[in-house]
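The following report covers a single protein chain and takes up its helices, its nonpolar interior, its charged pairs and its backbone geometry in turn. It is meant to be read beside the sequence and the coordinates.

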Amino acid sequence: MRESKVAEEEEWLGKMAQAGRVGTEAISNDADKDMTERNPLWLRDKGNEFYKAGNYLSAINAYAEAIEIDSTMPSLFSNRAACYLHLKRYDDCVEDCTQALARLTPPIDANRASRCKAYTRRAAAWTRLRDPTQALRDYREAIKLDPGNEQLKKDAEKVAEGLEDNDIR
């Protein structure tokens with residue numbers, strides 16, 4: 001039987017509804033720009049288009065502009081973290097993943113996939129920053145969220161083996 005998470009789910013839905021309202025308010029407060037350019041959802045979608053095209057710097061700029069308008073949307077930080085990972089800006093990736101995870105509360109099924117992505121991206125960045133302890137911690141959190149994901153298990157195992165090799169030396 002599933003434990004009741006109604007209160008947490010309602011809190012999450014309220015946060016997402018508030019994020020939509022903040023974006024709408026920002027549109028009416030900035031007359032210098034086209035209305036669509038002040039909509040964080042439009043900017044996020046624009047960033048996603050840039051990302052898919054491999055234009056990571058433009059995607060980062062779009063996500064950053066959206067964050068200025070509405071810093072409550074976890075996807076903006078998570079998506080920008082993916083760009084930073086591609087550009088080998090690992091410290092920035094770690095920071096944005098941390099920001100995304102801070103906004104993905106309470107932890108409920110509705111945000112499980114987003115939390116898993118953030119943990120996975122942050123683990124990859126920690127690995128490239130040569131911090132296997134932090135990487136393994138994040139991989140383990142991601143595996144808790146997606147226990148059937150064999151690639152996550154392989155990545156965690158590879159990091160754990162690296163830790164063991166360092167302990168032997």
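In helix α7 of this predicted model, the residues A135, L136, D138, Y139, A142 and L145 are buried. The helix runs over residues 132-145, and its length can be checked against a simple expectation: at 1.5 Å a residue, its 14 residues should span 20 Å, and because the end C-alpha atoms are 20 Å apart, the model agrees with that figure. T133 also belongs to α7, but this residue counts as exposed, because its relative accessibility is 53% and the cut-off for exposed is over 50%. The C-alpha atom of T133 is separated by 7.5 Å from that of L163, although the two residues are 30 residues apart along the chain.

A142, one of the buried residues of α7, takes part in another such pairing: A113 and A142 are 29 residues apart in sequence, while their C-alpha atoms are 9.1 Å apart in space. A113 lies in helix α6 and, with a relative accessibility of 53%, counts as exposed.

**The nonpolar core**

Y139 of α7 is buried, and it is also among the residues with the most contacts inside the largest nonpolar core, which has 37 residues; the others named for their contacts are L76, C83, L85, C93 and A125. The core draws on several helices, since α3, α4, α5, α6 (112-128), α7 (132-145) and α8 (150-168) each supply at least two of its residues. A125 gives a local view of this packing: when residues up to four places away in sequence are not counted, A125 touches L85, Y90, C93 and V94. Of these neighbours, L85 and C93 are themselves listed with A125 among the residues with the most contacts in the core.

**Charged pairs and rings**

Side chains of opposite charge can pair when their charged atoms come close. How many salt bridges does a search of the whole structure find? The search finds ten, and three of the individual pairs are set out below with their closest N and O separations.

| Pair | Closest N and O atoms |
|---|---|
| E65 and R38 | 2.7 Å |
| D45 and R44 | 3.4 Å |
| R80 and D96 | 2.5 Å |

The pair of E65 and R38 has its closest N and O atoms 2.7 Å apart; E65 lies in helix α3 (residues 56-69) and R38 in the loop between α1 (6-29) and α2 (40-52), so the pair ties together parts that are 27 residues apart in sequence. R38 is buried, with a relative accessible area of 11%.

The salt bridge between R80 and D96 likewise links distant parts of the chain, R80 being in helix α4 (residues 74-86) and D96 in helix α5 (residues 90-103), 16 residues apart. Both ends of this bridge are buried, R80 at 13% relative accessibility and D96 at 3%.

For the bridge between D45 and R44, the setting is described by other values: D45 is partly exposed, with a relative accessible area of 36%, and R44 also counts as partly exposed, at 22%. Beyond these pairs, R122, R137 and D138 are linked in a network of salt bridges, and D138 is one of the buried residues of α7.

Aromatic rings enter the picture in two ways. A search of the whole structure finds one aromatic pair, and K46 lies over the face of F50, at 5.7 Å from the ring centre.

**Backbone geometry in the loops**

Most residues other than glycine have a negative phi, and most peptide bonds are trans. Against that background, which residues have a positive phi of about 60° although they are not glycines? K88 has such a phi and is found in the loop between α4 and α5, where it is exposed, with a relative accessible area of 61%. R130 also has a positive phi of about 60°; R130 is found in the loop between α6 and α7 and is exposed as well, with a relative accessible area of 74%.

The peptide bond from T105 to P106 is cis, with omega near 0°, and P106 lies in the loop between α5 and α6.

Terms used: Residues numbered from 1 in each chain as written. Predicted model: local features only at pLDDT ≥ 70, side-chain atom pairs only at ≥ 80, totals over all residues. Heavy atoms only, no water. Salt bridge = Lys/Arg side-chain N within 4 Å of Asp/Glu carboxyl O. Helix = DSSP H or I, 4+ residues; strand = E, 2+ residues; numbered from the N terminus. Buried < 20%, exposed > 50% of the residue type's maximum accessible area, 1.4 Å probe, protein only. Phe/Tyr/Trp six-rings, centres within 6.5 Å; stacked < 30°, edge-to-face > 60°. Lys NZ or Arg CZ within 6 Å of the ring centre and 35° of its normal. Core = buried A, V, L, I, M, F, W, Y, C linked by side-chain atoms within 4.5 Å. Contact = heavy atoms within 4.5 Å. Expected span 1.5 Å × (residues − 1).
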